[in-house]
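Biologist: I have a model here and some questions about its architecture. Can we go through it piece by piece?

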Amino acid sequence: MPHRHHSTGDKRVPADHPASAVQTARHGHVLVVSINNPPVNALGQAVRAGLLAAMEQAESDAAVQAVLIVGEGKAFIAGADIREFGKPPVPPSLPEVCGRIEASRKIVVAAIHGPALGGGLEVALSAHYRLALPEAKLGLPEVNLGLLPGAGGTQRAPRLMGVAAAADLMLTGKHLSAKAALAAGLVDKLVDGTDATAAGLAYTNELLAAQAAPRRTRDIEIADKAAALAALDTLAADTAKKSRGLFSPLKIVECVRAAVELPFDEGIAKERALFVECLNSPQRAGLIHAFFAERETAKIPEAKAAAPRHFAKIAVIGGGTMGAGITVSALDAGLTVTMIERDAESIARGQANVEKVYNGLIAKGRMTEETKAAILARYTPSTSYDAIRDVDLVIEAVFEDLEVKKAVFKELDRVCKPGAVLATNTSYLDIDAIAAATSRPQDVIGLHFFSPANIMKLLEIVVPAKVAPDVVTTAFELAKRMKKVPVRAGVCDGFIGNRILAVYKQAADYLMEDGASPYEIDEAVRGFGYPMGPFQVTDLAGGDIGWATRKRRAATRDPKARYVEVADRVCERGWFGQKTGRGFYLYPQGARVGQADPEVLAIVDAERARKGVTPRQFTAEEIMRRYMAAMVNEGAKVLEEGIALRPLDIDVTFLSGYGFPRFRGGPMKWADMQGLEKVLADIREFAKEDALFWKPAPLLEKLVAEGRDFESLNKAA
């Protein structure tokens, strides 16, 4: 394609035109092509056009014998510019650029330091020789965005590293270290240092001295095609099972099959066609929304007003499962932790809970005894509150009871230094009331971790009325250090996640009483893409927890509201789920996976009869329409009350903490993709049976009336 030269007099040239995004400089016989598109050298249109122009320049300059491609800053090229996806393509396309690099009559070398991911690795694969520095990270993680490598990655990677290894790289989205990439055959040489240009020039000049010729990845023959195809058959079957309804993984396997069976150009055409299919899939829209939403949740109003307080020493009050999980998260973040329990026996149990996590990693070969010892050197178990006089931040994780928590906070108020952040890990309770038990409500905040706290990504940061802005920013800084996904929530019963959960769980209970069995409901929810259904989750968490909450709320429940008692009947029998061997499901001999229980179905039948309900059939689709409508309607109320800042905060809460299928983008994104008018019509339809429960949220009605969607509220925040 001819390159348009911008004259300096042309005032319409945008600031990011190719000349600034890609720079060229001749060093002897080598044209060094530097990509300079901060922060990560993403392959936006300016970079693509600049690379193409640089290849034309090299080709037409007789003094140039080789081209060296390097990235400025911390990355080689960290991938495509995701913000361009879903918009009309702007030439040149990345496949065109990669094809042009590979076709060069002069040798092309890529010197990789830092990330070479997605399209960035595809550029490197189309070079003739690849050099890596120790900090290099190579990967094709497009699967995480519902896509596949669309610029030759599915055709070139199998030729360089073997069919099974390449397919695994693309299906897992994992990153390879420089060493692993060398072993895999993705790079030709590994050298020490941090200066990619210097190392790249030395290697390129070595190649020129040896009179190395262009070596095109496309020309490599794939050995033993029959064995490769057999491996792909196994992989396809395995992927179909594992990828639970995901669209792009099987398309990746199909592309790799094309690399084995078809000539290169036909394989590239096949890859392009399947890439476009993925691009147009609703899953791509959902996954990319999830990707950006998780980066947006840390943007909070308090960040403009206050820097975080300094913290290095932490206290965790409570050594149960939750306290131990929080302790491990803090230790892994490099913090010093003192754990407090009420007596010698409890603290010994707390310490054992912490050590159990690290022993598990040692057993799996993922940690050494030395590393464990070094981590535990920062951990102090104690039974005295006086041991935490000088900590910077306290996280309370004791029994979920307001009076118990208030007593703990009175103690913290007594011993903690001024300015220490006092956090409660409550799931439901009123944090304003907990803060009021101290003389320093400005220092009290909610940090709602999800169990197991050292694994689950979500951290709800609950902001009470009197808290100081720098306490809120400190909580977000803690989340960042712990590698958690933070969501800012306001105070109400259940905050964002558990408040909405309570409502769609009610919808599930109504469905059960109206005729769907708990097992059919769980199956429909799994079919939608959740790892587990609501009754499985109840059994896993322990039915007694929800039972205690329902008893606590009984006094304030609207007497006119419909109340399903099946779960109470199950709990009255002492069936609390997995820990008692039975709940909604049976767990014989400590089985992890439950079996349907005819006695539970008999309880359901008896409750229906007692209420005069004639059971009817529900399809999986009818179940999900109600389940999701309840979730979205309550989400709209949470937004309206300002409990969540933006719809995306609700989406991230459910993606990171509640197993919502990532490819659907979250409940509010799902509602947008269905069309809000359709969701509202469903709610109005269901309201004919129960007008109190199915009362449409005014915000939902307003958005539909104005022809707007939830996405429009993400932009406003």
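Biologist: Which residues lie nearest the centre of the second largest pocket?
Modeller: This is a predicted model, so read every value as computed from it. The second largest pocket has a volume of about 560 Å³. Its lining counts 17 residues. Those nearest the centre are Arg83, His289, Phe292, Glu711 and Lys715.

Biologist: Which element gives the largest share of the lining of the second largest pocket?
Modeller: Two elements give two or more residues to this lining: helix H12 (282-296) and helix H31 (711-716). By class, the lining has seven nonpolar, three polar and seven charged residues. The largest share is seven residues, and it comes from H12.

Biologist: What is the strand order in the open sheet of six strands?
Modeller: The pairing in this sheet is mixed. Strand E1 (22-27) and strand E9 (189-190) are the edge strands, each pairing on one side only. The order is E1-E2-E3-E4-E6-E9.

Biologist: In E3, which residue is the bridge partner of Val32?
Modeller: Val32 falls in strand E2, residues 30-35. E2 and E3 pair in the parallel sense over six bridges. The partner of Val32 in E3 is Leu68.

Biologist: Which residue stands opposite Ala110 of E4?
Modeller: Strand E3 (residues 66-71) is joined to E4 by four bridges, and the two run parallel. Opposite Ala110 stands Ile69.

Biologist: How many residues of strand E4 are buried?
Modeller: Take the two faces in turn. Ile107, Val109 and Ala111 point one way, and they are buried. Val108, Ala110 and Ile112 point the other way, and they are buried too. For strand E4 (residues 107-112), the count is six of six.

Biologist: At about what angle does helix H8 run to E3?
Modeller: Helix H8 (residues 196-209) lies across E1, E2, E3, E4, strand E6 (129-132) and E9. Its angle to E3 is about 160 degrees.

Biologist: Why is one side of E12 and of E17 left without a neighbour in the sheet?
Modeller: Both belong to an open sheet of eight strands, in the order E12-E11-E10-E13-E14-E15-E16-E17. Strand E12 (379-382) and strand E17 (485-490) stand at its edges, so one side of each has no neighbour in the sheet. Neighbouring strands here are turned by 25 degrees against each other on average, direction ignored. The reason for the open sides is that each edge strand has a single partner strand.

Biologist: Which residue of E17 is the bridge partner of Glu460?
Modeller: Strand E16 (residues 458-463) and E17 run parallel, joined by six bridges. Glu460 has as its partner Val487.

Biologist: At about what angle does helix H17 run to E14?
Modeller: Helix H17 (residues 402-415) lies across strand E10 (313-317), strand E13 (393-396), strand E14 (421-424) and strand E15 (444-449). To E14 the angle is about 170 degrees.

Biologist: Which residue with positive phi follows helix H28?
Modeller: Six of the eight residues of H28 (residues 667-674) are buried, so the helix is largely enclosed by the rest of the structure. The buried ones are Pro667, Met668, Lys669, Trp670, Ala671 and Asp672. After H28, with phi near 105 degrees, comes Gly675.

Biologist: And which residue with positive phi follows H22?
Modeller: In helix H22 (residues 534-541), Pro534, Phe535, Gln536, Thr538 and Asp539 are buried. Their cover includes helix H20 (497-514), helix H21 (518-528) and helix H26 (620-640). After H22, with phi near 105 degrees, comes Gly542.

Technical notes
Residues numbered from 1 in each chain as written. Predicted model: local features only at pLDDT ≥ 70, side-chain atom pairs only at ≥ 80, totals over all residues. Heavy atoms only, no water. Pairing = 2+ DSSP bridges. Axes fitted to C-alpha atoms, helices over the stretch in contact; angles between N-to-C directions. Contact = heavy atoms within 4.5 Å. Buried < 20%, exposed > 50% of the residue type's maximum accessible area, 1.4 Å probe, protein only. 1 Å grid on protein atoms, 1.4 Å probe; cavity = no way out; pocket = protein on both sides within 12 Å on 5 of 7 lines; lining within 4 Å. Points joined across faces, edges and corners; volume = space filled by probe spheres on them. Nonpolar A, V, L, I, M, F, W, Y, C, P; charged D, E, K, R; others polar.
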